[in-house]
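The following paragraphs introduce a protein model to a reader who has not met it before. Please keep the sequence and the three-dimensional view at hand while reading.

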Amino acid sequence: GTVHWVYRSDLEAAQLFREQAEAPVDFIFSDALNDYEGLRRTWEAWSPLLRPGGIYIINTVRPCARVHIDHAASVRCFNEIILHDPRFLMIETVETMAVLARKPEAAPA
């Protein structure tokens, strides 16, 4: 595979990928903005760029025994918005990270 190192903010990088037709991507690891609106904007910018079957890992969105972040804004955003996105399945959690897979596209009727 190919890895692209992009030295920009997460939102600027998503815009760059759209403009340069770099999407769809196979893997996204997000550990950027942990406030509610920041995470929501990051999700809205990057999630459409992931190919069906691709993996999206988001950090600091799940409380665990070692890290008590139950009331963090990023956890609330994840539970209220991201966890209910019908395009994705949560396949695993690791510490404070959630691992999601983009569902295959539905076959045309």
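**The nonpolar core and what surrounds it**

In this predicted model, the largest nonpolar core contains 21 residues, and those with the most contacts inside it are Trp46, Tyr56, Ile58, Phe78, Ile82 and Leu100. At least two residues of this core are supplied by each of α1, β1 (25–30), α2 (36–46), β2 (50–58), α3 and β4 (97–102). The largest share, 5 residues, comes from α2. In soluble globular proteins, nonpolar side chains tend to be buried together.

Phe78 offers a good place to begin looking at the core. Leaving aside neighbours within four places in sequence, Phe78 is in contact with Leu39, Ile58, Val61, Arg62, Leu83, Met90, Ala98 and Leu100. Two residues in that list, Ile58 and Leu100, are themselves among the core residues with the most contacts.

Another partner of Phe78 is Ala98, which is found in strand β4. Is Ala98 buried or exposed? Its relative accessibility is 0%, and Ala98 therefore counts as buried, the cut-off for that class being under 20%. Beyond the residues up to four places away in sequence, Ala98 touches Tyr56, Ile57, Ile58, Val61, Arg62, Phe78, Met90 and Glu92. Ala73 lies 25 residues from Ala98 along the chain, and the C-alpha atoms of the two are separated by 15 Å.

Attention now turns to helix α2. Its buried residues are Tyr36, Gly38, Leu39, Thr42, Trp43, Ala45 and Trp46. These buried residues pack against α1, β1, β2, α3 and β3 (88–94). At the start of the helix, a side-chain oxygen of Asp35 reaches to within 3.4 Å of the backbone nitrogen of Glu37.

Helix α2 also carries charged side chains that pair with one another. Side chains of opposite charge can pair when their charged atoms come close. Which residues of the helix are linked in a network of salt bridges? They are Glu37, Arg40 and Glu44. Arg40 meets Glu37 in a salt bridge at 2.5 Å, N to O, and these two residues are 3 places apart in α2, about one turn of the helix. Arg40 also forms a salt bridge with Glu44, where the closest N and O atoms are 2.7 Å apart. Arg40 and Glu44 are 4 residues apart in the helix, again about one turn. Each member of the network counts as partly exposed: Arg40 at 21% relative accessibility, Glu37 at 34% and Glu44 at 46%.

In total, the count comes to 6 salt bridges. One of them joins Asp26 and Arg51, whose closest N and O atoms are 2.5 Å apart. Because Asp26 lies in strand β1 and Arg51 in strand β2, the pair ties together parts that are 25 residues apart in sequence. Asp26 is partly exposed, with a relative accessible area of 48%, and Arg51 counts as partly exposed at 30%.

Helix α3 holds a polar residue with little accessibility. Ser74 is found in this helix, which spans residues 73–80. Its relative accessibility is 1%, so Ser74 counts as buried. Where does the side chain of Ser74 reach? It extends to the backbone oxygen of Thr60, at 2.5 Å. Residues up to four places away in sequence being set aside, Ser74 touches Asn34, Leu39, Thr60 and Val61. Two of these, Leu39 and Val61, are also in contact with Phe78.

The tour ends at the surface, ahead of the helices and strands described so far. Tyr7 lies in the segment before α1 (10–19). With a relative accessibility of 77%, Tyr7 counts as exposed. Together with Val3 and Trp5, Tyr7 makes a nonpolar surface patch of about 510 Å². Nonpolar residues thus appear in this model both in the buried core and in a patch at the surface.

How values were computed
Residues are numbered from 1 along each chain as its sequence is written. This is a predicted model: local features need pLDDT of at least 70, side-chain atom pairs count only at pLDDT 80 or more; totals for chains, interfaces and linings use all residues. Side-chain values use heavy atoms; hydrogens and water are left out. Buried means under 20% relative accessible area, exposed over 50%, partly exposed in between (1.4 Å probe, protein chains only). A polar contact is a pair of N or O atoms within 3.5 Å; within protein, one must be able to donate a hydrogen and the other to accept it, and residues adjacent in sequence count only if both atoms are side-chain atoms. Contact means heavy atoms within 4.5 Å. Patches are made of residues with over 30% relative accessible area and no salt bridge: like charges are joined within 9 Å, nonpolar side chains (Val, Leu, Ile, Met, Phe, Trp, Tyr) within 5 Å. Accessible areas come from the Shrake-Rupley method with a 1.4 Å probe; for residues, only the protein chains shown count as cover. A salt bridge is a side-chain nitrogen of Lys or Arg within 4 Å of a carboxyl oxygen of Asp or Glu. A nonpolar core is a set of buried Ala, Val, Leu, Ile, Met, Phe, Trp, Tyr and Cys residues joined through side-chain atoms within 4.5 Å.
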